[in-house]
Amino acid sequence: MAHVAEGTHFYDRQGRPVYEVPNGSKGGMRPTTVRDARRMNLVPSVTTIIKMQAQPGLDIWKTDQAILAALTLPRREGELEADWLCRVKQDSKAQGQAAADLGTEIHAAIQAYYERKAKPAPHMYEHVKGAVLCVGENAPQVPWFPERSFAHASGYGGKCDLSSYGWVLDFKGKDFGPAEAPCLKTWDEHAQQLSAYRKGLALHGARCAIVYFSRTNPGLARFIEIPESDLQRGWNMFSALLEFWKAKNRYDPAFEVAA
């Protein structure tokens, strides 16, 4: 199965993804909504919960894309400012989508490697090799379990990129080179995400890290472990966001685990 970028997603109480539901008389499938979740007793994804707050890292990236688009799209003679801004916004979105698509493709190739489903395509080989070597150098754990999904009794679910009995990892694509790599850092939402995955997978005490892979420099990757104190803080923030999501949507998907 190809990697699916997680957005507003839901899981059933066995931890199985329910990203889409039948589109009734219109035919085909459509994204699952909160209304569907209420009817089907589904739980929201970790990413859905985290999106309830501001995401400074993503906001900075979007701003950078808009600035770059403005620099490369000079205003035409006689062009109205509103028309120029419209062109800049469209170009910014197109560039951002292209970067996101490449990141998704690299992510899928890394996933396929750990699932032992396929060898990387030639243009993906260095990307995958760099990420795998980075993981092996920093967290030499065997075996690894890719794409494990879950539903937690407190009312949320998710799918973890890579986990072992001692580690919980998440891969993230970013544009960076050797000079920028040492400056990379993690954000609050990363601690929230990994602490929620760790809790959901019942990997109590497991260490957690973000593995950045460069979209612009094939083979370049950076492993950043999140300190335990930050993970505890991340879990507290995630728990508060989960309660906020429940109140906002008037839906509490918490459930009891059968003995």
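This text walks through three places in a predicted model: a pair of cysteines, a nonpolar surface patch and a threonine in a loop.

The cysteines come first. A search of the whole structure finds zero disulfides. A disulfide is a pair of cysteine sulfur atoms within 2.5 Å. The sulfur of C160 has its closest cysteine sulfur in C208, and the two are 8.2 Å apart, which is too far for a bond. Seen from the other side, the closest cysteine sulfur to that of C208 is the one in C160, again at 8.2 Å. Both residues are shielded from the surface under the cut-off used here, since buried means under 20% relative accessible area. C160 is buried, with a relative accessible area of 0%, and C208 is buried as well, at 1%.

The next stop is on the surface. I67, L68 and L71 make a nonpolar patch of about 310 Å². Of these residues, L71 sits in helix α3, which covers residues 56–72. L71 counts as exposed because its relative accessibility is 66%, and the cut-off for exposed is over 50%.

The last stop is T32, found in the loop between β3 (29–31) and α1 (34–40). Despite its place in a loop, T32 counts as buried, because its relative accessibility is 4%. Leaving aside residues up to four places away in sequence, T32 touches T8, F10, V18, Y19, E20, V21 and L42. With E20 there is also a polar approach: a polar atom of the T32 side chain lies 3.3 Å from the backbone nitrogen of E20.

Terms used
Residues are numbered from 1 along each chain as its sequence is written. This is a predicted model: local features need pLDDT of at least 70, side-chain atom pairs count only at pLDDT 80 or more; totals for chains, interfaces and linings use all residues. Side-chain values use heavy atoms; hydrogens and water are left out. Buried means under 20% relative accessible area, exposed over 50%, partly exposed in between (1.4 Å probe, protein chains only). Patches are made of residues with over 30% relative accessible area and no salt bridge: like charges are joined within 9 Å, nonpolar side chains (Val, Leu, Ile, Met, Phe, Trp, Tyr) within 5 Å. Accessible areas come from the Shrake-Rupley method with a 1.4 Å probe; for residues, only the protein chains shown count as cover. A salt bridge is a side-chain nitrogen of Lys or Arg within 4 Å of a carboxyl oxygen of Asp or Glu. Helices (H or I, at least four residues) and strands (E, at least two) are DSSP runs, numbered from the N terminus. A polar contact is a pair of N or O atoms within 3.5 Å; within protein, one must be able to donate a hydrogen and the other to accept it, and residues adjacent in sequence count only if both atoms are side-chain atoms. Contact means heavy atoms within 4.5 Å.
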